[in-house]
Amino acid sequence: MSDETETLTRFAPDSGTEVALPVHTDLLRLATAGSVDDGKSTLVGRLLHDTKSVLADQLDAVHRASADRGLSTPDLSLLVDGLRAEREQGITIDVAYRYFATGKRTFVLADTPGHVQYTRNTVTGASTAQLAVLLVDARKGVVEQTRRHAAVLALLGVPRLVLAVNKIDMVDFDESVHTAIAQEFARHARALGYSDEDVVTVPVSALHGDNVVERSERTPWYEGPALLEHLETVPVAPDPHDVPFRLPVQYVIRPRTAEYPDYRGYAGQVAAGVVNEGDEVVVLPGGARSRVSMVDTPDGPAQSAAAGRSITVLLEDDLDIARGDVIVSADNQPSVTDEFDATVCWLAEKPLSPRAKVLIKHGTRTVQAMATELATRFDEQELSSVDAPERLELNEIGKVRFRTSESLPIDAYADSRRTGSFIVLDPSDGSTLAAGLIGVPLDPLASAVTR
Amino acid sequence: MTTEAIMDQNLDLPEDPATSEAPPQVDNLDALESEAIHIFREVAGEFDRPVILFSGGKDSTVLLHLALKAFRPAPVPFPLLHVDTGHNFEEVLQFRDELVSRHDLRLVVARVQDWIDDGRLSERPDGTRNPLQTQPLLEAIEQNRFDAVFGGGRRDEERARAKERVFSLRDSFGQWDPRRQRPELWNLYNGKHRAGEHMRVFPLSNWTELDVWRYIQREKIELAKLYYAHRREVFHRDGMWLTSGPWGGPREDEEVHEKTVRYRTVGDGSCTGAVESEAYTVDDVIAEVAASHLTERGATRADDRMSEAAMEDRKREGYF
């Protein structure tokens, strides 16, 4: 057997190797955004590579493929561009999800492409993100697309931003270049409603690794953390928590077995707030009242459960509750309405016209709906708001009034990401047409282009 | 019904009452578990005939454990489907059957061997049957009119899989088109499909190999024994340690060794390699995986080494 095959198959770690594994780690969900050629795939590849999340066989494959393409150094973007067409064209087509962990934290990274369809992909990646890394090229600084990306991230309620000023090596590690970009972006972020502590700017070279995992000696003037250092230590911002308990019912659990003849539980993932045994609740849209007799979790009954947990709630009274209903705190209830305004990000080739009939999935309920009014559209090209547009096209964002066939219990997106959002579906083929944010004004987008 | 009655329910769960206290901050494994359970319940609510792909391997065993937790104290409302290559490890089949009878589940088996016997498929020159699974899988889906098929695929396994949605629509030919995927926002999964189309659903999308093992440790999930170190006669081929079986044994030039090995993945015996390992317990395995320099597929799966886009091509055709 050759040495090469020996290393491929030998697997047991060196004896005595201490592997530091925390019992509990927290999870940071982040998204990346940037224009084409800002080096986003390279930065993500660098993060994976330098956190040792890339293993030898993957790296071998990249070395081979890079050599096949005539490159002298390995092209780390090949690690993340997963589809044949992406590798052939050297672009990222679709959102890719990447996973890496350090001793301090586990990361789920949504890597969103920067070219055409960037709104569609940025909206998708940002919808679950707690932090976004926005890239700019140090030679170009904050460009129009940076502003628009930041505006979309603000619209989607991503609580924290990092501006990575990439290719800092291409401007000779010049402090003044970095400072000018940081100041310009800070002004813009403030206009979008971010406070200064929620925005951090880091000078990096994704290609060479400066300030990605470790602070670089080549930027002695930079006193902040390296990118990964910041990602590891930044507090994970909770979703807005002004809204109390919300549980969209997914499924009714009725074992009807000898052991559990009368068990009737309402299963769902807590969308907001906390539920305690004994809490008074209301079931919407019907409005029936009851009390929580048991909070059942995957590990058995508990005193309480908080947002994010998948649980099963049992009530004191026998009520007619089905999938699509929402169990909420009796103290602070959402509005129940069949007409509402929403900011809509249109994600499909087929445009939205006024009076179009669509389906809306909100929580666990899918209802018929009509777009009764297209109030405004944010114009990508002219960078302005257009009143009463004729239609909303792919990648356009607009304010739309919907009327639904059944009343929905809704919160404002700004108060609750889960119960303030919905998706729009095509009734004919079932495809996903749009993302909707209830009651979000278009002001951030308007301010994004006027400053 | 009393709280005690529910607590007593045997799900092989840790007894520690502290685990049933919902922490204010959801930790990594709790977050992944809740997400997977949410996905199972969405499918139960929106589809008529779901099925769980179940091979007896570690990912499908974890998948079944999550399904049991998602619907407890009621039984899992779906059957299981195993695409049997005929190149099985005997102990994995036994383990599969034990789990099925312990939880009183229904198992549907689609056999690659049947397709080879009646000539609809022919054996490949390399003897590997993993790529042959696609057609029997698609036929079983069609014949049983399954409309949602749960798989244990994870996005960290392979870069084409990194582009996969949690709810992944397949056309009436079972094909995946990576360029026409539906955007997936928040936790609002779109289950709409037309007659003849079906959905592949991946509750473990956001898990890594290490998360799976840490969850196995935390939940004390029993696995097929070959995931842990044991003595086995193996021979060396294509940089992997293979074992003899119905798929054939060592060629004349291949020497048989007795080694202490374990399996990191379990698939078609002809192309799934063992790794030399002293990891006898789940704690040992976690230490080993954390220190590993190779991915589980790179270390043990010949089928993924065929080309730069081997997985993407098989997925397009309708593979898992």
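What follows is a chat between a biologist and a modeller about the two chains above.

Modeller: Quick ground rules: residues count from 1 along each chain as its sequence is written, while chains are lettered from A and ligands numbered from 1 in the order in which they are written. The model is predicted, so local features need pLDDT of at least 70 and side-chain atom pairs count only at pLDDT 80 or more, whereas totals for chains, interfaces and linings use all residues.

Biologist: Starting with chain A, what share of its 451 residues is buried?

Modeller: Chain A has 9 helices and 23 strands (helices, H or I, have at least four residues and strands, E, at least two; both are DSSP runs numbered from the N terminus). A residue is buried if 20 or more other C-beta atoms lie within 10 Å of its own, exposed if 12 or fewer, and partly exposed in between, with C-beta atoms placed from the backbone. Of the 451 residues in chain A, the buried share is 53%.

Biologist: Which strand pairs with E22(A) over 5 bridges?

Modeller: Strands pair if DSSP finds at least two bridges between them. E18 (residues 357-362) of chain A is antiparallel to E22(A) over 3 bridges, with Lys361(A) standing opposite Ile423(A). The pairing over 5 bridges is also antiparallel, and there Val424(A) faces Ala434(A). The partner is E23(A).

Biologist: And how many of the 5 residues of E22(A) are buried?

Modeller: Take the two sides of the strand in turn. Ser421(A), Ile423(A) and Leu425(A) point one way and Phe422(A) and Val424(A) the other, and all are buried. For E22 (residues 421-425), that makes the buried count 5 of 5.

Biologist: Which residue takes a positive phi in the hairpin of E22(A) and E23(A)?

Modeller: That hairpin has 6 residues between its strands. The phi in question is near 80°, and the residue is Gly430(A).

Biologist: Is Gly398(A) buried or exposed?

Modeller: Gly398(A) sits in strand E21 (residues 397-410) of chain A. Leaving aside neighbours within four places in sequence, its contacts (C-beta atoms, placed from the backbone, within 7 Å) include Val344(A), Leu374(A) and Phe378(A). Leu374(A) is 24 residues away along the chain, yet the two C-alpha atoms are 7.3 Å apart. Because Gly398(A) has 26 C-beta neighbours inside 10 Å, it counts as buried.

Biologist: What about Ala388(A), buried or exposed?

Modeller: Ala388(A) lies in the loop between E20 (384-387) and E21 of chain A. Its phi is positive, near 45°, though it is a residue other than glycine. Most residues other than glycine have a negative phi. With 10 C-beta neighbours inside 10 Å, Ala388(A) counts as exposed.

Biologist: Over to chain B: why do the buried residues of H4(B) lie on the same side?

Modeller: H4 (residues 90-102) has 13 residues and reaches 18 Å from first C-alpha to last, close to the 18 Å expected at 1.5 Å a residue (1.5 Å times one less than the number of residues). Its buried residues are Val92(B), Phe95(B), Arg96(B) and Leu99(B). They share a side of H4(B) because the arc they cover around the axis (taken from the directions from the helix axis to the C-beta atoms) is only 105°.

Biologist: Which helix and strand do those buried residues pack against?

Modeller: The face turned away from the buried side carries the exposed Glu90(B), Asp97(B) and Ser101(B). The buried residues of H4(B) pack against H3 (58-71) and E2 (80-84) of chain B.

Biologist: Which strands are the edges of the open sheet in chain B?

Modeller: The sheet has 6 strands with mixed pairing, in the order E3-E2-E1-E4-E6-E5. E2(B) and E3(B) run parallel over 5 bridges, and Leu81(B) has Val108(B) as its bridge partner. Each edge strand pairs on one side only, and the two are E3 (107-111) and E5 (167-170).

Biologist: Last one: which peptide bond in chain B has omega near 0°?

Modeller: Most peptide bonds are trans. This one is cis, and its proline, Pro73(B), lies in the loop between H3 and E2 of chain B. The bond runs from Arg72(B) to Pro73(B).

Methods. Two residues are in contact if their C-beta atoms, placed from the backbone, lie within 7 Å.
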